[in-house]
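This report describes selected local features of one protein–ligand model for use in computational work. The sequence and coordinates are shown first, and the discussion follows.

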Amino acid sequence: MSYQPIVKPPAASMPFGPNLVDYDQARADLGWTDFAAEINGLPGGGLNISYEALDRHLATPIKNKVAIFWEGQDETSETYTFAELARLTDRLAGALRALGVTKGDRVFTYMGRTPELYIALLAVPKAGGIIGPLFAAFGPDAVKDRLLDSQAKVLFTTPTLMKNIRPIIPELPDLKTIVIVNRRGKPYEFGDREKAFDQIMADGSDDFEIEPTDAEDFCIMHYTSGTTGKPKGVVHAHQAVVGHHATARHVLDLHPEDVYWCTADPGWVTGTSYGIFGPLAGGITQVVYEGGFSASRWYKVIDKYRVTAWYTAPTAIRMLMKAGEEVVQKYDLSSLRYMCSVGEPLNPEAIVWGQKAFGLPFHDNWWQTETGCIQIANYPIMDIRPGSMGRPFPGVTAAILNETFERELPPGEEGHLALKPPWPSMFRTYWGRQDLYDSRFVNGWYITGDKARMDEDGYFWFVGRADDVINTAGHLVGPFEVESALVEHPAVAEAGVIGVPDDLAMELVKAFVSLKDGYEPSDQLKKDIRIFAKKKLHALSCPREIEFLPGLPKTRSGKIMRRLLKARELGLPEGDTSTLEE
Ligand code: PRX
């Protein structure tokens, strides 16, 4: 089925008037140096991402504007102005310094979306540290791997999640302090290295001088999955804020009048670039909702806070579609004026449904943890071709390269999506894996690992991943990581993990498992293996389906052939099987 383009009205007739008035002109005239000029820099020289997000507004009327409307899962709410956040983060940054945090130290968070999470993530860069936000849905081994790899010095967590941390403490010699956020006042017995968040805040002072960081100093780390090995820490520098700010302004189209809501958790790069730094650097009021997905609860949030600009993801949109338009009609969503989506291909049906249900289309955009900010996008001013990720951001050069990355392919041909480095929010390294980082740059291009094509008018269309990485509900899952977790189970001899298509989550994780002698396939054993894997992985990375096979197809060198497993699962041609073990 083909979809008609969604033709946009002229800029002048749009509510607010878009920030990007003329795409072609902006591409011709604007570059990163122009966007960098919108950032202040520290008064004494240097650049600090949290100063740009908070303190730079203190000399302007934004000072007393609401920075965060926090909505608890239990419907309690709290409001923080820019001035309050600046003061609270000063206090916490001072406390961190007193705890020995110095420039370059890694400070991780492992907790839900409460205000303390945001205060911590904004305070750490002020003290010169590097933040590492982890999803509360991680099992203990996933947390341990990341804390060990990054040699994190401080961790913020909650009494409930401490049950996952306690058993791994002996294996984390670098972890000097655990800060306990106990906002619901649970009875809690503090261990040796533990401090109460409330206590260190009470003992702290409002007097704090931000660490004089440089634009190139590191400040954010997000772990991401590849085809092989453990997840890698993608590292960003303070300068990333230039990209966060420019794209929040020109792609998300954030205006001073907006109330903006990004549904992503800071454990995912979207939740930091666009759930913290981008909007705050622009002086925009945003909503943070503590809870997870629920169609009616989400609409209630939009209704209650009169949300105008909304950034979410395809799986969530498809779940909203499933919940139906009747739910939409129970709420007053008339405040909405602009909607964006990221993380997976946004199917045209979802865009069309958005138009029907909200009277507005979703604007798809494309980027990666490594790119730090949006690279390819649909803009308010530009017609939408449903199914396309849009066109490169002004300042971004994107191309489709041939198999050997030597040649740019003409419009219409499928190939490797590549970007021309550098740009301000480009990752600066994979933590401790400079070799791997270097391997991502070939012939003067950054190779994204995605396959795509470009049409005659410069719109990019996503084709698929160039590797075996699985995208389930926007969450990247490295098959190797899941296979490694599975083979640690006493009954599992071998495991091969693939993504299988799913209407809601795009792909689901499926594992093929062969058992060791003496074990028999059973439903109970499948359940056992899933519970076992859950302790080691993020909930979304756990196989939804496990299938027992007597043996797995392997190459002669012993590598499990995921490609073959996938072809067999989907009933596709098996392709070249010349390397298959006899
Ligand atoms: O494969 C692409 C897919 O998600 C990958 C990046 O994942 P992650 O680093 O977790 O993303 C962080 C911020 C979005 C990409 O390599 N992806 C992302 N956006 C899109 C997408 N696939 C299709 N369409 C998109 N708009």
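In which loop does P422 lie? P422 is found in the loop between β18 (415-419) and β19 (429-430). The model is a predicted one. The peptide bond that joins P421 and P422 is cis, with omega at about 0°.

**Ligand environment**

There are 19 residues around the ligand, and those that come nearest are D364, N365, Q368, T369 and D450. By class, this shell consists of nine nonpolar, six polar and four charged residues. Three elements, α10 (269-281), β14 (362-366) and β22 (460-465), each supply at least two residues of the shell. The largest share, three residues, comes from β14.

The table lists polar contacts of the ligand with E344, D364 and T369.

| Ligand atom | Protein partner | Distance |
|---|---|---|
| nitrogen | E344, polar backbone atom | 3.3 Å |
| nitrogen | D364, side-chain N or O atom | 2.9 Å |
| oxygen | T369, side-chain N or O atom | 2.6 Å |

On its own the ligand has 530 Å² of accessible area, and the protein covers 99% of this area.

**Helix α9 and its surroundings**

Helix α9, residues 240-250, is mostly covered, with ten of its eleven residues buried. The buried residues are A240, V241, V242, G243, H244, H245, A246, T247, A248 and H250. They pack against the helices α2 (32-36), α3 (49-53) and α10, and against the strands β8 (218-224) and β9 (232-237). Helix α10 thus appears twice in this account: it packs against buried residues of α9, and it supplies at least two residues of the shell around the ligand.

**The loop before α10**

D265 is located in the loop between β10 (259-262) and α10 (269-281). With a relative accessibility of 12%, D265 counts as buried. A polar atom of the D265 side chain lies 2.7 Å from the backbone nitrogen of G267. When residues up to four places away in sequence are not counted, D265 touches R113, F135 and G271.

**Cysteines**

How many disulfides does a search of the whole structure find? The search finds zero. A disulfide is a covalent bond between the sulfur atoms of two cysteines. The cut-off applied here is a sulfur pair within 2.5 Å. For C219, the closest cysteine sulfur is in C373, at 13 Å, which is too far for a bond. For C340, the closest cysteine sulfur is in C262, at 10 Å, and this is also too far for a bond. C219 is buried, with a relative accessible area of 0%, and C340 counts as buried at 1% relative accessibility.

**Positive phi outside glycine**

Where are the residues R306 and N443 found? R306 is in the loop between α11 (295-305) and β12 (309-312), whereas N443 is in the loop between β20 (441-442) and β21 (445-454). R306 is not a glycine, yet its phi is positive, near 55°. N443 is likewise not a glycine and has a positive phi of about 50°. With regard to accessibility, R306 counts as partly exposed at 31%, and N443 counts as exposed at 52%.

Note on methods: Residues numbered from 1 in each chain as written. Predicted model: local features only at pLDDT ≥ 70, side-chain atom pairs only at ≥ 80, totals over all residues. Heavy atoms only, no water. Buried < 20%, exposed > 50% of the residue type's maximum accessible area, 1.4 Å probe, protein only. Helix = DSSP H or I, 4+ residues; strand = E, 2+ residues; numbered from the N terminus. Polar contact = N/O pair within 3.5 Å; in protein donor to acceptor, adjacent residues only side chain to side chain. Contact = heavy atoms within 4.5 Å. Near = heavy atom within 4 Å. Areas by Shrake-Rupley, 256 points an atom, 1.4 Å probe, with all protein chains shown as cover. Nonpolar A, V, L, I, M, F, W, Y, C, P; charged D, E, K, R; others polar.
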